[in-house]
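Let's take a walk through this structure together, one stop at a time. Keep the view open as you read.

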Amino acid sequence: MLQPSSLPMYQEDHEMKIKLHYQPNPVIVKELRSRMRGWRAFAILTGFLLGTAAACYGLYRIVMATIYYNYGRSFGSPSALIGQTMFGGLALFELLLICFITPALTTGAISGEHDHQTYEMLMATPLRPRTILWGKLVSALGYIFLLIFAAIPLASVIFLFGGVAPKDMLKMLIILVATAITYGMLGLFFSALLKRTGRATVLTYAVILSTLFIPLFIYSMLTLTSQGREPSRAILYLNPLSAIASVLSLSTAFESGMFPSILGMPYILTSGAMSRVWGPQGLIVLRPLWQYTMALYGGLTLVLYLLSTQLIKPVRRWRIGWRGLLAALLVLALYGGAAWGGFRLTAARYSNAASLMGTPTPVAPWIVPSGVVAVAKEEENLKIQDQAQIYAAVVRQLVEHDSSFGENPHFPVVYIVRRIGSDDDSTEMSSELTEAILEKLSDFAASVEFVDDQLQVIAPTPPTGKVLNDGVIIILGDIGWEDETTALVDGSLHSADLVATGRTYRLQRVDGVWQVVGDTGTSWISQANQGE
Amino acid sequence: MIAIRTHGLTKRFGKLTAVDHLDLVIEQGTLYGLIGPNGAGKTTTLRLLAGLLEPSEGEIYLDGQRVRDAQQASRVIGYMPDFFGVYEDMMVWEYLDFFARCYHIPAAQRQQIVDELLALVDLTEKRDAYVQTLSRGMRQRLCLAHALVHDPQILLLDEPASGLDPRARVEMRELLRELRAMGKTIVVSSHILSELAEMCDAVGIIEQGRLLVSAPLQEVYRQVKQDRTLRLRVLSDQERAIALMRNYPGIGEVYAANGDHIEANFVGDDAATAALLTHLTAQGVAVVSFGETANDLEDVFLRITQGIVS
């Protein structure tokens, strides 16, 4: 046993050292130590990865079986379709897992301390409530993130099949991570509020299930009862399933209904999540749902976090000092400002309608966001040389960068369809123009040919034929205007009837030459031929 | 120097007043026993002192400084709750290491402190055992050790010996004596009086939230017990001795206790007691032994709390 003199007397100087040494959050250290101990954490991880792998393989088999059942062996390359289906299936699989695992990890975090009667001991230490809360959140989410990120290498099998852009994968990850954080915070909030793990778990699951299904239910009910009128998309803002669907919706296999039919998913999941709708002036690109979801989740998480730091306290749970209140309001105002600023900055991408597909299709007026302006066709005002520069730049961009076949794939032939725009309102390129384009593309690796109709160069096994001579077809749209200096052109590249990618490009005159400066942030992949 | 002082400390839960204008003064370096029946307000008092509850009224001063928030209290106080749990999947050393981290103790000292504390509470060989495998007595000692990681000058221990077997109880008592020898102020609450009687320097008796008595142990006995219990044994003729005593002034109840002992309540000082013995021998009673029974805290407690409980 110790003599009194040998007990450390460090009280005075450790106060000073706190400032000098960074120490990891004790709660994180403790939680991770006990969470990652033993076989359980690794068994769950292994099970999760095996499940994901099985889901990937299952989706692959389902797509193949569906294609053979519907089309027989005449189907061209189903690769992109497999990639997209796997992507969508995996995204939903992981999302549902997150919805079910997160509460299990967080609802006991604070109430467990009450249940195990360790809460008072914790509260008697100088640990601040927010340190405890942060520690609990980080350690619980750390494990979920481990699951999500461990599945990335597995999910990158998707890229073997193609049909999915890395950007979409990134968006999916953002949604998964944000959903995990929000639901984790929700679990912690109820845990701190109710102090009982059982009740907190029930309530957390109830709220999560409501956000998952009630918006979809209301939306579909309104769709059914309002006879074709689109209900407000705001109903779906909080729904993570719709957020995921809105990422997927940019690929048209999903939009065209092929994807849901393969997964047996209800149409309601996708109908409200569409980001591209027909307006009176053509196709309108709406801000994708997931961006609203993320902004709302961020705000919700902040509010719950601030409330929980108060609720976790042993005394004065409901009494909030004016300083705390002011600080909380400031944080929320800053967040709101940042979110609003972000939406304002990117507003130009979405509020302008581009005359992408020609003919306006009649559509209910309430879909059209305010601020959409009709864009006059001004290519007559452009000189032929300018038009040629624009189209040549788009062709280059499509073939060399955006073909989704990697950098500089060597297509022996590039067929450019002479017809511009869609069937009903198409115009033919003048020979003057086609010659100018050929001239601009004279240094191109592939040989360039103009064709009157894409069907001329597609293998005669409809509807999925490959392009003749291993070439690609390029279909171009009218030149529209985003503003006075920025032209918008729709372009798509088809390596087979169903294997295609399309974007709306922004072009500006740089050093006197028209160049692609970006796209509208939306793209579609693999669309059935418009001409069918 | 005064380690703990409260002034009009009051805590109400709705209509219930758990602690009622408590004026507590505890000297530094004393082992103070807080006695009271269940529900008297002992735990509430300790929790108020530890900053886990906010007083409805009144002030708390620790080491002469007014306590305003839990953060401030947590640095000078080590608190061991009456019911406590242990984290699962955690080793004994990790448990102490966790609390040492909570008190922002630098990494360089943490290891040393953990080992020293394990030695202090005699758990060194359980260092790498899982906490949930420890016996009740060991957990209690571990919990005590956790309250010591930041070397607090004041220890608040809520029923530290409850549920312990006699051996573990003795060990706990030894430990508390040792801590007192280190100069710490220790407040121990208990409803088991005998264990407090043996080790406390001072006691406070609390009932229905009110502090009835608070003084050094000997003083309490003196204040409370104006009468004493005499215990004597006579060689023969017990009946006559009892009859004689019944007639003696100042004697209350007289009865034959176990075997051939006689016990009697007697109001009077030492001189009167001596006179009683002289009287008995003068009357020819053959007194074999004559003495006062040891002071009994239980008895004191019953007297003080009489009437209020019933």
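Across all chains of this predicted model, the salt bridges add up to 27. Side chains of opposite charge can pair when their charged atoms come close. Let's look at a few of those pairs. One of them links B:Asp89 and A:Arg40, whose closest N and O atoms sit 3.7 Å apart. B:Asp89 is in the loop between strand E7 (77–80) and H3 of chain B, while A:Arg40 belongs to helix H3 (residues 40–71) of chain A, so this pair joins two chains. As for cover, B:Asp89 is partly exposed, with a relative accessible area of 24%.

Another pair stays inside chain B: B:Asp115 bridges to B:Arg127, with 3.1 Å between the closest N and O atoms. You'll find B:Asp115 in helix H4 (residues 107–120) and B:Arg127 in the loop between H4 and helix H5 (136–146) of chain B, so the bridge ties together parts that are 12 residues apart in sequence. B:Asp115 is partly exposed too, at 33% relative accessibility. B:Arg127 also meets B:Asp128 in a salt bridge, at 3.5 Å from N to O, and B:Asp128 counts as partly exposed at 49%.

Some charged residues gather into a group. Which residues are linked in a network of salt bridges? They are A:Arg33, A:Arg37, B:Glu94, B:Asp97, B:Arg101 and B:Arg110. Take B:Asp97 from that network: it is found in helix H3 (residues 92–102) of chain B. Is B:Asp97 buried or exposed? Its relative accessible area is 6%, and since anything under 20% counts as buried, B:Asp97 is buried. Leaving aside neighbours within four places in sequence, B:Asp97 is in contact with A:Arg33, B:Arg110 and B:Val114.

Staying with that helix of chain B, look at what it helps to cover. Helix H2 (residues 26–35) of chain A is mostly covered, with 7 of its 10 residues buried. The buried ones are A:Pro26, A:Val27, A:Ile28, A:Val29, A:Lys30, A:Glu31 and A:Ser34. Their cover includes H3 of chain B, along with helix H5 (111–115) and helix H7 (129–150) of chain A.

Now step back to chain A as a whole. This chain has 20 helices and 10 strands, and 51% of its 532 residues count as buried. Among its contacts with a separation of 6 or more, 72% are between residues 24 or more positions apart. A:Trp514, in strand E10 (residues 513–525) of chain A, gives you an example of a link between distant parts of the sequence: its C-alpha atom is 7.1 Å from that of A:Asp386, although the two are 128 residues apart along the chain. A:Trp514 is buried, with a relative accessible area of 5%. Not counting residues up to four places away in sequence, A:Trp514 touches several residues, including A:Leu382, A:Asp386, A:Ile390, A:Trp481 and A:Leu507.

What about the outside of chain A? It exposes about 24000 Å², with carbon and sulfur atoms supplying 63% of that. One nonpolar patch on the surface is made of A:Ile214, A:Phe217, A:Ile218, A:Met221, A:Leu222 and A:Leu224, which together have about 560 Å² of accessible area. Within the patch, A:Met221 lies in helix H11 (residues 197–225) of chain A and is partly exposed at 37%.

The last stop is a sheet in chain B. Strands of a sheet pair through backbone hydrogen bonds, either parallel or antiparallel. Here 6 strands form an open sheet in the order E7-E8-E9-E4-E10-E11, and the pairing is mixed. E7 and strand E11 (210–216) of chain B stand at the edges with a single partner strand each, so one side of each has no neighbour in the sheet. From one strand to the next, the twist averages 15°.

At one edge, E7(B) pairs with strand E8 (residues 154–158) of chain B in the parallel sense over 4 bridges, and B:Ile77 stands opposite B:Ile154 in E8(B). Helix H1 (residues 42–49) of chain B packs on the sheet, touching E4, E7, E8, E9 and E10 of chain B, and its direction makes about 150° with that of E8(B). Helix H6 (residues 166–181) of chain B lies across E4, E8 and E9 of chain B, running at about 150° to E9(B).

Key. Residues are numbered from 1 along each chain as its sequence is written. Chains are lettered from A and ligands numbered from 1 in the order in which they are written. This is a predicted model: local features need pLDDT of at least 70, side-chain atom pairs count only at pLDDT 80 or more; totals for chains, interfaces and linings use all residues. Side-chain values use heavy atoms; hydrogens and water are left out. Buried means under 20% relative accessible area, exposed over 50%, partly exposed in between (1.4 Å probe, protein chains only). Contact means heavy atoms within 4.5 Å. A salt bridge is a side-chain nitrogen of Lys or Arg within 4 Å of a carboxyl oxygen of Asp or Glu. Accessible areas come from the Shrake-Rupley method with a 1.4 Å probe; for residues, only the protein chains shown count as cover. Patches are made of residues with over 30% relative accessible area and no salt bridge: like charges are joined within 9 Å, nonpolar side chains (Val, Leu, Ile, Met, Phe, Trp, Tyr) within 5 Å. Two strands pair if DSSP finds at least two bridges between them. Axes are lines fitted to C-alpha atoms, for helices over the stretch in contact, and angles run from 0 to 180 degrees between N-to-C directions.
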